[in-house]
Amino acid sequence: MFNKNELILDKIRSLAAHDLATGQLLFRLTSLEEPSLQCTAESEEVTDAMGSVITTMYRAKKATLSATNSLISLDLAAEQYGAKKQVAGLKDYTYGNETDNNAKIEDYAYEILTPTDGKITLAHKSSKEIKYIYSIVNNEIGTMYVAGATASAKNFVTDNETGDTTIITVPEGLTSKIYVEYQYETLEAMKISNRASEFPRAVSLVVYAYFKDRCNENITYSGKIICPKAKLNPEQIELALTSTGKHAFEFNMMKDFCDEMNDELFSIIVSQ
């Protein structure tokens, strides 16, 4: 028999989120900081004719799990935005690894190049028309030049038919460095889109943890927090766009409304 009361929480190992219907792993977080499990309930006092409290009735119990991931997680961000993570070259990243070489992602790039023999060659083949290029003067954006049918003092010409790159014939007499922005299709990219009409879906959660015996810290126990149904809170999502930025999140836990015999919000399991 294994029966313990007071334990030392060593650390939270990871959090795994699963599809409610299939049980498939949706995403996993392994660098959790300051995890917190909070429970609340609404109260209503029952009073007598003199206003004295007879008892307090509680209802509408709620639970939330919040934490901060030490690293920016694209999978977590996609779930917070209610989006699917798109991986170029895969037909459907979420529900399988079937390849699709037509599933390209349109990426953005800029280059600063010096003309050679009146031409510059981009690293990629542009997927849309390049309408403007700019000269670089004293490390600043200088004159704007416009695409034309032929190269002239004010116009450039784009050759997008040769190989896997785009070649630009620069305006006549232009020898300074040139700044170009363009779009291109690639099979080596990932993408998530935050759309105004999409919100997080419900998932199931398992939080894995380590506990230590309070009398012998060399003894380690395995702990889990299991939540049958939870949903990410989209009311405030912040990604700190710095090298030390972290990724905070909060799950609201809910009972299964359609299972009248089970109103479980979460369970805590500790085992040897």
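I take contact to mean heavy atoms within 4.5 Å. The model I am reading is a predicted one.

**Entry 1: asparagine 233**

I began with asparagine 233, which I located in the loop between β15 and β16 (247-253). Leaving aside its neighbours within four places in sequence, I found asparagine 233 in contact with Glu250 and Asn252. I then followed its side chain, which reaches the backbone nitrogen of glutamate 235 at 2.9 Å. Is asparagine 233 buried or exposed? Its relative accessibility is 15%, so I recorded asparagine 233 as buried, the limit for that class being under 20%.

**Entry 2: aromatic pairs**

I searched the whole structure for aromatic pairs and obtained 5. One of them joins phenylalanine 2 and tyrosine 221: the ring centres are 5.0 Å apart and the planes stand at 55°, so I entered the pair as tilted. Where do the two residues lie? Phenylalanine 2 belongs to the segment before β1 (7-19), and tyrosine 221 to strand β15 (residues 220-232); the pair therefore ties together parts that are 219 residues apart in sequence. I checked the accessibility of both partners. Phenylalanine 2, at 26%, counts as partly exposed, whereas tyrosine 221, at 4%, counts as buried.

I next examined tyrosine 134 and tyrosine 179, an aromatic pair that is also tilted, with 6.3 Å from centre to centre and 55° between the planes. This pair too links distant parts of the chain: I placed tyrosine 134 in strand β8 (residues 132-137) and tyrosine 179 in strand β12 (residues 178-186), 45 residues apart. Tyrosine 134 has a relative accessibility of 22% and counts as partly exposed. For tyrosine 179 I noted a relative accessible area of 16%, hence buried. I also noted that Tyr110 joins Tyr134 and Tyr179 in one aromatic cluster.

**Entry 3: a charge over a ring**

Which residue lies over the face of tyrosine 210? I found arginine 13 there, at 4.6 Å from the ring centre.

**Entry 4: the β1-β2 hairpin**

I turned last to β1 and its pairing with strand β2 (residues 25-29), which is antiparallel and runs over 4 bridges. I looked up leucine 15 and found leucine 29 as its bridge partner in β2. β1 and β2 form a hairpin with 5 residues between them. In the turn I recorded glycine 23, whose phi is positive, at about 80°. As a general reminder for reading these strands, I note that side chains in a regular strand alternate between the two faces of the sheet.

Methods:
Residues are numbered from 1 along each chain as its sequence is written. This is a predicted model: local features need pLDDT of at least 70, side-chain atom pairs count only at pLDDT 80 or more; totals for chains, interfaces and linings use all residues. Side-chain values use heavy atoms; hydrogens and water are left out. Rings of Phe, Tyr and Trp (its six-membered ring) pair if their centres lie within 6.5 Å; planes under 30 degrees apart count as stacked, over 60 as edge-to-face and the rest as tilted. Buried means under 20% relative accessible area, exposed over 50%, partly exposed in between (1.4 Å probe, protein chains only). A charge sits over a ring if NZ of Lys or CZ of Arg is within 6 Å of the ring centre and within 35 degrees of the ring normal. A polar contact is a pair of N or O atoms within 3.5 Å; within protein, one must be able to donate a hydrogen and the other to accept it, and residues adjacent in sequence count only if both atoms are side-chain atoms. Two strands pair if DSSP finds at least two bridges between them.
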